[in-house]
Amino acid sequence: MKLQVLMFYQDDPKKCTAAKIVKFGLAKNIKKIGSKGLVLDPFSEKTLLPKDKSIVNSIIGIDCSWNLADQAFSKKFAGIKRKLPPLLAGNPVNYSKLNKLTTVEALAASLFILGSKEQSLELLNKFKWGHTFYELNQNLLEEYSKSENESDIVTVLKDYGLV
């Protein structure tokens, strides 16, 4: 699966996970989003499901500061918008906070849910704390990757006490 990032350059460049995966050639920095791109949007109505793989050709992470996310996502992006189901952050800045993921965590989770588990783990391996994100969410990611609809996600969340 192709990975792309739309960079807003709002965070500390030394801690920017999107910049690092672009540097390693694991994602491409883009200026424009195509119509078949899956845009990871935490404000989307629809949750990412494994079946979405059939309608997209790339996953796009919007790299912005969580403090400015409202502004960044108020822009009208092309593409197919989906939010991730709830996950715990493994990064040192937002460790174990629900849904406060870095761009690389969001991309890795998307890959996992869409069935590209090896590519997901390859991304996370570029970060010292990457394994922590995977370990915190391994069971959830496995469950999400088997979900067929939004009600399956709700069932998982209830099983894990997240709703």
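## A parallel sheet with an enclosed strand 4

Both faces of strand 4 are covered, since Ser58, Ile60 and Ile62 on one side and Ile59, Gly61 and Asp63 on the other are all buried, where buried means under 20% relative accessible area, exposed over 50% and partly exposed in between, with a 1.4 Å probe and protein chains only. The model is a predicted one, in which local features need pLDDT of at least 70 and side-chain atom pairs count only at pLDDT 80 or more, whereas totals for chains, interfaces and linings use all residues. Residues are numbered from 1 along each chain as its sequence is written, and side-chain values use heavy atoms, with hydrogens and water left out.

Because 6 of the 6 residues of strand 4 are buried, this strand is largely enclosed by the rest of the structure. Helices (H or I, at least four residues) and strands (E, at least two) are DSSP runs numbered from the N terminus. In a regular strand the side chains alternate between the two faces of the sheet.

Strand 4 belongs to an open sheet of 5 strands with the order 2-1-4-3-5 and parallel pairing; two strands pair if DSSP finds at least two bridges between them. Strand 2 (28-30) and strand 5 (80-82) stand at the edges with a single partner strand each, so one side of each is left without a neighbour in the sheet. Neighbouring strands of this sheet are turned by 35 degrees against each other on average, direction ignored. The pairings of strand 4 are as follows.

| Strand paired with strand 4 | Sense | Bridges |
|---|---|---|
| Strand 1 | parallel | 6 bridges |
| Strand 3 (residues 37-40) | parallel | 4 bridges |

Within these pairings, Val5 stands opposite Gly61 in strand 4, while Leu38 has Ile59 as its bridge partner and Val39 has Ile60. Helix 3 lies across strand 1 (2-7), strand 3 and strand 4, and runs at about 160 degrees to strand 4, the axes being lines fitted to C-alpha atoms, for helices over the stretch in contact, with angles from 0 to 180 degrees between N-to-C directions.

Leu38 and Ile59 are also among the residues that touch the most other members of the largest nonpolar core, which has 39 residues; such a core is a set of buried Ala, Val, Leu, Ile, Met, Phe, Trp, Tyr and Cys residues joined through side-chain atoms within 4.5 Å. Helix 3 gives the largest share of this core, 8 residues. Apart from it lies another core, of 11 residues, among them Leu6, Ile30, Ile33 and Ile62. Leaving aside neighbours within four places in sequence, Leu38 is in contact with residues including Leu48, Val56, Ile80 and Leu114, contact meaning heavy atoms within 4.5 Å.

Helix 5 (residues 130-144) bends by about 65 degrees at Asn137, the bend at a residue being the angle between axes fitted to the seven residues ending there and the seven starting there. Buried residues of helix 5 include Phe133, Asn137, Leu141 and Tyr144, and what covers the buried residues of this helix includes helix 3 (103-113), helix 4 (117-124) and helix 6 (150-159).

Thr17 lies in helix 1 and is buried, with a relative accessible area of 5%. Not counting residues up to four places away in sequence, Thr17 touches Thr102, Thr103, Val104, Phe127 and Trp129.

A search of the whole structure finds 0 disulfides, a disulfide being a pair of cysteine sulfur atoms within 2.5 Å. The sulfur of Cys64 is 10 Å from the closest cysteine sulfur, in Cys16, which is too far for a bond. Cys16 counts as buried at 12% relative accessibility, and Cys64 counts as buried at 12%.
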